[in-house]
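Visitor: I would like to go through this model and ask why each label applies.
Guide: Here is the structure, and then we can take the labels in turn.

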Amino acid sequence: MLDKRFIRENPQAVRDAVAVKGIDLDVDELLQLDQDNRKLQFEVDGAQARRKSFAKQFAKADEARRAELRVEHEAFDRQLRDLREQLARTGARLAELMLLTPNIPWSGAPVGPDEAANVVLRTVGTPPEFDFTPLDHTELAEKRGWAEFARARKVAGERAYALVGDMVMLERAVHSYALDLLRGREFTPVAVPALVREEPLIGTGMLPKAREEIYAIPEDDLYLAGTAEVALVGLHAGEILDAARLPIRYAGISPCFRREIGSASRDVRGLLRVHQFEKVEQFVLCAADEAESARWHAELLATAERILSDLGLCYEVVECATGDMGVGKFRMNDINTWFPSLGRFRETHSCSTLHDWQARRANLRYRDTDGTIRFAHTLNNTAVATPRLLAALLENFQTADGAVRIPEVLRPYLGGRELI
Ligand SMILES: Nc1ncnc2c1ncn2[C@@H]1O[C@H](COS(=O)(=O)NC(=O)[C@@H](N)CO)[C@@H](O)[C@H]1O
């Protein structure tokens, strides 16, 4: 969410962001509502002040005058009640539109309606060559008994899967390796709730925009979060942190749940796009300073690249376009990993800078060293998300007889085994 004063002083910048991000928001309606709201607030305040003076007049008046004052008072009260009802309606509509205001994208973001306009910044590593016909991860997993698909669908419907045997151990190894790497970078592991209330979903911007993507449990007023990012922002919502605590760095772990309504027909087989998956999330909460955010963006991106390089996977880093980055982002870089079965790169990581857009929604502030209270900046990036990353490991490191070579960095987590 943007600052009202910023919108008043930079209406064209907000109109431009709405346009390049493809947001359905009428900035002029918002500005008009803001003006009406301020005028109504002024009138209510004035009326309340006059109402107070009534009591003094009434005390001094004789009986005849008091009768007149009572009549005036009732008419006046009705008018004040109407004003307050108008103010409540205008305020509610204004708050609704404020939640739709987009962060202003950074000047280096390619302008375009969706990921087709994304620009590849660099490619690292080379796709593996096979002297046999490689299997896709689904075939390999089924051949080795590493996953149940049909049986899992009996249990949980489409896109369901169960990991079996060594695939479970490989998933744990990938997560433990990522957590150890992040702990080495002073990120605190936090196992967060995936069952969340509506507030943190609004605070992170997941609501109101994409309600249809989120599993809801209405009888408990709870939702299943699609990423640990939701709870990590939610943990500090409403707080005023001390500047000395910043930057807060979390390695958030949680199951992630997504209805994938928007991608109903895509990746319906295998492990690439499922309703429930596991993720280790890099999260930073830092001072409201562009250079500080830029520094953390670079570090979160570098850590994800370090993980992929350590795993020996070939990947590309992408600058996301204005129409792909989403309403709350200032900047977003995706990292796409090579999938031999697809013969192309698929997203495995997404690194975002949001400045104070989330903190303003979550009312997450800090007391600066000069005593000023400011909204913090938040950033997030994937460290590892499985089973999509497992699929990449299976496909890229498979051998002719259907074994999989274990990247060196994972061997300590798998009893030293080099092959499964
Ligand atoms: N439906 C899904 N099934 C499997 N993996 C998924 C699914 N949705 C997302 N992921 C994985 O999770 C990663 C992060 O998802 S994201 O929506 O792009 N970004 C976030 O959630 C941010 N909080 C950064 O992690 C993706 O890059 C992808 O690797």
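Guide: A crossing is called left-handed if the near helix is turned anticlockwise from the far one by less than a right angle, and right-handed if clockwise. In this predicted model, α3 passes α4 in a left-handed crossing.

Visitor: What makes α3 roughly antiparallel to α4?
Guide: Helix α3 covers residues 27-60 and helix α4 covers residues 63-98, and the two pack at an angle of about 155°. Angles over 145 degrees count as roughly antiparallel, so α3 is roughly antiparallel to α4. Their axes are 8 Å apart.

Visitor: Which classes of residue make up the contact of α3 with α4?
Guide: The contact has 16 nonpolar, 8 polar and 13 charged residues.

Visitor: Which residues does the annotation "coiled-coil region" cover?
Guide: In the UniProt record, an unreviewed entry, the annotation covers residues 66-100. In the model, the chain over residues 66-100 is 94% helix and 0% strand. The end C-alpha atoms of that stretch are 51 Å apart.

Visitor: Why are α2 and α3 called oblique to each other?
Guide: The axes of helix α2 (residues 11-21) and α3 cross at roughly 140° and come within 10 Å. Roughly antiparallel needs an angle over 145 degrees, and roughly perpendicular runs from 65 to 115. The value falls in neither range, and α2 and α3 are therefore oblique.

Visitor: Which residues make that contact between α2 and α3?
Guide: Helix α2 contributes Pro11, Val14, Arg15 and Val18, while α3 contributes Val27, Asp28 and Leu31. By class they divide into 5 nonpolar, no polar and 2 charged.

Visitor: What makes α7 and α10 oblique?
Guide: Helix α7 (residues 166-184) and helix α10 (residues 290-311) have axes that cross at roughly 135°. With 145 degrees as the bound for roughly antiparallel and 115 as the upper bound for roughly perpendicular, α7 and α10 are therefore oblique to each other. The axes come within 11 Å.

Visitor: Which hand does the crossing of α7 and α10 have, left or right?
Guide: The crossing of α7 and α10 is right-handed. On the α7 side the contact is made by Tyr177, Ala178, Leu181 and Leu182, and on the α10 side by Thr303, Arg306, Ile307 and Asp310. That contact has 5 nonpolar, 1 polar and 2 charged residues.

Visitor: How is the chain divided into domains?
Guide: The domain assignment gives domain 1 as 4-100 and domain 2 as 115-413. The C-alpha centres of domain 1 and domain 2 lie 44 Å apart. Their contact takes 5 residues from domain 1 and 11 residues from domain 2.

Visitor: What does UniProt list for residues 136-407?
Guide: The unreviewed entry lists "domain: Aminoacyl-transfer RNA synthetases class-II family profile" there. In the model, the span is 32% helix and 29% strand, and its end C-alpha atoms lie 19 Å apart.

Visitor: What is the omega of the cis peptide bond that joins Leu246 and Pro247?
Guide: For that cis bond, omega is about 0°. Pro247 lies in the loop between β8 (240-242) and β9 (248-257).

Visitor: Where is Pro387, and what is omega for the cis bond from Thr386 to Pro387?
Guide: Pro387 is in the loop between β16 (377-386) and α13 (388-396). The bond from Thr386 to Pro387 is cis, with omega near 20°.

Visitor: What is phi of Arg159, a residue other than glycine?
Guide: Phi of Arg159 is near 65°, a positive value. Arg159 lies in the loop between α6 (150-156) and β3 (162-163).

Definitions and conventions:
Residues numbered from 1 in each chain as written. Predicted model: local features only at pLDDT ≥ 70, side-chain atom pairs only at ≥ 80, totals over all residues. Heavy atoms only, no water. Axes fitted to C-alpha atoms, helices over the stretch in contact; angles between N-to-C directions. Helix = DSSP H or I, 4+ residues; strand = E, 2+ residues; numbered from the N terminus. Parallel < 35°, antiparallel > 145°, perpendicular 65-115°, else oblique. Nonpolar A, V, L, I, M, F, W, Y, C, P; charged D, E, K, R; others polar. UniProt positions renumbered as here; feature names shortened; annotations may be inferred. Domains from an automatic or database assignment. Contact = heavy atoms within 4.5 Å.
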